[in-house]
Amino acid sequence: MKFLKIFVALLVTTISIAKAQFTKAELQVSGLTCSMCSNATEKSLRKLDFIGDIKTDLNRNLFIITFKKDVPVSLDQISQKVQSAGFSVNSLKATFDFNNVKVSNNYHFNYNGAMYHFLNVGDKTLDGPVAVTVLDKNFVPASTYKKYAAMPIACYKSGTMDGSRVYHVTI
């Protein structure tokens, strides 16, 4: 019980509200075999109201997504739209515009009602646009998910902590 209290106290001290804004993302999709597959995925993604523009790189199955300014972004909705088109997310690198935020391993910050948990990150200060890679299930291949699921981080498998969505990210 004492260990749990210490853990909670440490967690609370590392959680802060970052002054960050999503600006763009690189979304790599698995399972695309032709331009029709790519078009179906792009059409599905364009239905999201926070997406401003999408550029497609068919050679790498990559979608460069630009987000609308000051419109809340949902990474889960992006994954759901890809899945509803019949494909899966292989990787998602979202670019945040940080404002002098000090991060370290297991650092947490809140953005738009969700918590972001940094994994495998050294002590550094983030300022300006920084790409973070989402490590959660439905954002990485199964082998990568298994690797992180073996770590003793309870919120990784559930994707939630205290009822809030937790995204696990790295730089």
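A residue counts as exposed when its relative accessible area is over 50%, and as buried when that area is under 20%. With those two words in hand, you can explore this structure, which is a predicted model. In helix α2, M36 and K43 are exposed, on the other side from the helix's buried residues. Let's walk through two helices, one serine and the nonpolar cores.

**Helix α2**

- Helix α2 spans residues 35-45, and its buried residues are C37, S38, T41, E42, S44 and L45.
- Looking down the axis of α2, you would find these buried residues within an arc of 160°, so they line one face of the helix.
- The cover over the buried residues of α2 includes the strands β2 (22-30), β3 (51-57) and β4 (62-67), along with helix α3 (75-84).

**A closer look at S44**

- S44 belongs to helix α2.
- Its relative accessible area is 9%, and the cut-off for buried is under 20%, so S44 is buried.
- Leaving aside residues up to four places away in sequence, S44 touches K81, S84 and A85.
- With S84 there is also a polar contact, made between the two side chains at 3.4 Å.

**Helix α4**

- Helix α4 runs over residues 142-149, where Y145, Y148 and A149 are buried.
- These three cover an arc of only 100° around the axis, which puts them on the same side of α4.
- Turn to the face away from that buried side and you meet the exposed residues S143, K146 and K147.
- The packing partner of the buried residues in α4 is helix α5 (154-158).

**The nonpolar cores**

- The largest nonpolar core has 40 residues, and the members that touch the most other members are L27, L45, L75, Y116 and F118.
- Strand β5 (residues 88-103) supplies the largest share of this core, with seven residues.
- A second, separate core holds 12 residues, including A149, C155, M161 and V166.
- You have already met A149 among the buried residues of helix α4, and L45 among those of helix α2.
- L27 has a list of contacts of its own: not counting residues up to four places away in sequence, L27 touches L45, N61, L62, F63, I65, I78, V82, V89, S91 and L92.

How values were computed. Residues are numbered from 1 along each chain as its sequence is written. This is a predicted model: local features need pLDDT of at least 70, side-chain atom pairs count only at pLDDT 80 or more; totals for chains, interfaces and linings use all residues. Side-chain values use heavy atoms; hydrogens and water are left out. Buried means under 20% relative accessible area, exposed over 50%, partly exposed in between (1.4 Å probe, protein chains only). Helices (H or I, at least four residues) and strands (E, at least two) are DSSP runs, numbered from the N terminus. The arc is that of the directions from the helix axis to the C-beta atoms. Contact means heavy atoms within 4.5 Å. A polar contact is a pair of N or O atoms within 3.5 Å; within protein, one must be able to donate a hydrogen and the other to accept it, and residues adjacent in sequence count only if both atoms are side-chain atoms. A nonpolar core is a set of buried Ala, Val, Leu, Ile, Met, Phe, Trp, Tyr and Cys residues joined through side-chain atoms within 4.5 Å.
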